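Dear colleague,

Please find the structure below, handed over for your use. A description of what was found in it follows.

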Amino acid sequence: MPIKMDNEQGRLPGTFLRYNTMFIESPKQGRFQYAQTVGLTKEPAFASQCIGCGKCEAHCPQQLPIREKLKEADKALRPLPYKIGINVVRKFMFRKTRRSAAQGK
Ligand code: SF4
């Protein structure tokens, strides 16, 4: 699933915003914000969902290696304990929604 390139929190610019936060503020703060704005949304757009089509790089005026940087950002923003934590919280948060959907509510 490609990442949508808009200015919503948690999309492509949001990923790099949180990655920058790791260096400007602290790694913990960047990871926490990424988990909040991307990981715990109903339809998360994790950097790892990039399919590597390169369309964003073709449009980037700074010719940044976006695909490579996204992989780097995802690795830094979601180390294993954060991935596990996000998955556990997501299961709890969206449990009711899935149950309701299964019951046709
Ligand atoms: S390469 Fe860029 S446009 Fe293509 S899926 Fe990844 S982020 Fe989206």
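I begin with helix α5, which covers residues 80–93. With 14 residues at 1.5 Å a residue, α5 should span 20 Å, and its end C-alpha atoms are indeed 20 Å apart, so the expected and modelled lengths agree. Helix α5 is hardly covered, with one buried residue among its 14. Please bear in mind throughout that this is a predicted model.

As to the overall architecture, the protein chain contains six helices and zero strands. Along the sequence the pattern therefore reads α-α-α-α-α-α. Of the 105 residues in the chain, 23% are buried. Among contacts with a separation of 6 or more, 59% join residues 24 or more positions apart.

The interior may be described next. The largest nonpolar core is made up of 13 residues. Within this core, the residues with the most contacts are Y34, V38, F46, A47, L70, A73 and L77. Two elements, α2 (27–39) and α4 (66–77), each give two or more residues to the core. Helix α4 provides the largest share, namely four residues. One of the core residues, Y34, touches R18, G39 and L77 when residues up to four places away in sequence are not counted.

Helix α1 (residues 12–24) can be checked in the manner used for α5. Its 13 residues, at 1.5 Å a residue, should span 18 Å; the end C-alpha atoms are 18 Å apart, and the two values therefore agree. Which residues of α1 are buried? They are L12, G14, T15, R18 and Y19. These buried residues pack against α2, α3 (55–59) and α4. R18, which is among the buried residues of α1, is also one of the residues touched by Y34.

Finally, a word on confidence. The chain averages a pLDDT of 84, and 81% of the residues score at least 70. Confidence is highest in α4, at a mean of 94, and lowest in helix α6 (residues 95–102), at a mean of 66. Over residues 1–10 the pLDDT is below 50, although this stretch has 24 contacts in the model beyond near neighbours in sequence. Where pLDDT is low, the predicted coordinates should not be read in detail.

In reading the model, you may wish to begin with α4, which has the highest confidence and gives the largest share of the core.

With kind regards

Note on methods:
Residues numbered from 1 in each chain as written. Predicted model: local features only at pLDDT ≥ 70, side-chain atom pairs only at ≥ 80, totals over all residues. Core = buried A, V, L, I, M, F, W, Y, C linked by C-beta atoms within 7 Å. Buried ≥ 20, exposed ≤ 12 C-beta atoms within 10 Å, placed from the backbone. Contact = placed C-beta atoms within 7 Å. Expected span 1.5 Å × (residues − 1). pLDDT = per-residue confidence, 0-100.
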